[in-house]
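Please open the model in your viewer and keep the selection panel at hand.

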Amino acid sequence: MSLSKLRFCLSSILGSARLAPLKPANRRPVLKEPDLYEPGGFHRVSLGDSLGSGKYTVLRKLGYGQYSTVWLAKDSQQQRYVALKLLRADCYGGPHDIFEREILSKVSQISTTSTNEGCHHVSPLLDQFRHTGPNGNHVCLVFDVLGHHMHFPTANFEDGRLPVQSVRTIARQLLLGLDFLHRECGVVHTALTCPLEACLKPTNILLELGQPDSIINQYLSEVPPRIGYEGDAPVPLREVITTPLLSEMKEPRIQIIDFGVASWRNKHLSELIQSPALRVPEVTIGAPWDTQVDIWSLGCLLVEFVQGFVLFSSTASKNGTWTAEDDQLARMMEILGPFPSHLERLINGTTKPFIKPADMSDAEVPVFIDFIRGMLQIDPQLRKSAADLLGHGWLKL
């Protein structure tokens, strides 16, 4: 079935009489990092640079993304390590401002009085300032230093699967964080994974460092800076602070990071959201969307953590017979069954049958499937909220 026919069939399910064509709203081109050091782009940082009126000294590079570079720095006033996120100059003051600074400020404000446990699983904004450089005026955001993102542990387990008990712990913390964002802050994260089309990794879920100062001190004393060269000029390369293995953690703790493509519930940054493999049906066909998009993404991620594969990967045909979107919706129907969906095919199907992990009992399998069923409903109104899912029996096993 073509995407246009699917859009017609699904319009009644998703409550949209007329579905708008799916278009990115002022999406900036995703380029390799060196190409973004230009007017309106990244600020070029060197190790040892002082930022924030001399308050922060840059020590190492931690990474970069579509909108920012991230640096390990020392706060000279608080005498602690922090992560500095330097946004592209065109993120603010350009034709299409993002919402990250405003969302983080609102989240931090609500966190000070909230009794919702989920506020402890959203990385708090510690400080913010502006820095003017040759490429423009950059908003700089300051956070705690965290460890590996959740793709790193999966790469260190057989078949990319995580221990079921660890997944249970992480799932509960993610639901707590999403419940806080959705109900109290009015925020939709939209990108629990990297939002770039080439990225299917859960890179926006990071493990906490148990004793960050001692871990970072040890890392800095034992690991020299990674340096590359552009011509004769030294260029800092990305590093990852050493994090204990998931199997060595008594109870792993995670935080949700990166609100660069997040939206308010009542005001969207873009209508084209999520990495393709985690994209919800309503976004794929151009229907309205809300907080339920995060619930769908979480369901896909948890299956990936437990099973070791991407549930709804998609590929366009070489001869143009079908698009990647056609293929993705077809795969959803292969796995979830006819609309509205049922997940029995996830247990007994032949496309991607459920493979029981060695550390999951036979009795636990249907409980887990029912838990996932609450997230992977084609009709977003049938998806359970984060608050409802927190009461599910699988999280209490």
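The tour below goes from the whole chain to its aromatic rings.

This is a predicted model, in which local features need pLDDT of at least 70 and side-chain atom pairs count only at pLDDT 80 or more, while totals for chains, interfaces and linings use all residues. Residues are numbered from 1 along each chain as its sequence is written, and side-chain values use heavy atoms, with hydrogens and water left out.

Begin with the cartoon of the whole chain, which has 11 helices and 12 strands (DSSP runs, H or I of at least four residues for helices and E of at least two for strands, numbered from the N terminus). Of its 397 residues, 54% count as buried, that is, under 20% relative accessible area with a 1.4 Å probe, protein chains only.

Next, select Tyr37 and Phe42, an edge-to-face aromatic pair with 5.5 Å centre to centre and 75° between the planes; rings of Phe, Tyr and Trp (its six-membered ring) pair if their centres lie within 6.5 Å, planes over 60 degrees apart being edge-to-face, under 30 stacked and the rest tilted. Tyr37 is buried at 17% relative accessibility, and Phe42 is buried at 0%.

Then select Tyr56 and Phe129, a stacked pair with 5.6 Å between centres and 15° between planes. This pair links distant parts of the chain, with Tyr56 in strand β2 (residues 56-64) and Phe129 in strand β5 (residues 127-133), 73 residues apart.

Finish at Phe368, Phe371 and Trp394, which form one aromatic cluster, and add Arg168, whose charged end sits over the ring of Trp394, 4.8 Å from its centre (the criterion being NZ of Lys or CZ of Arg within 6 Å of the ring centre and within 35 degrees of the ring normal).

Key: Buried means under 20% relative accessible area, exposed over 50%, partly exposed in between (1.4 Å probe, protein chains only).
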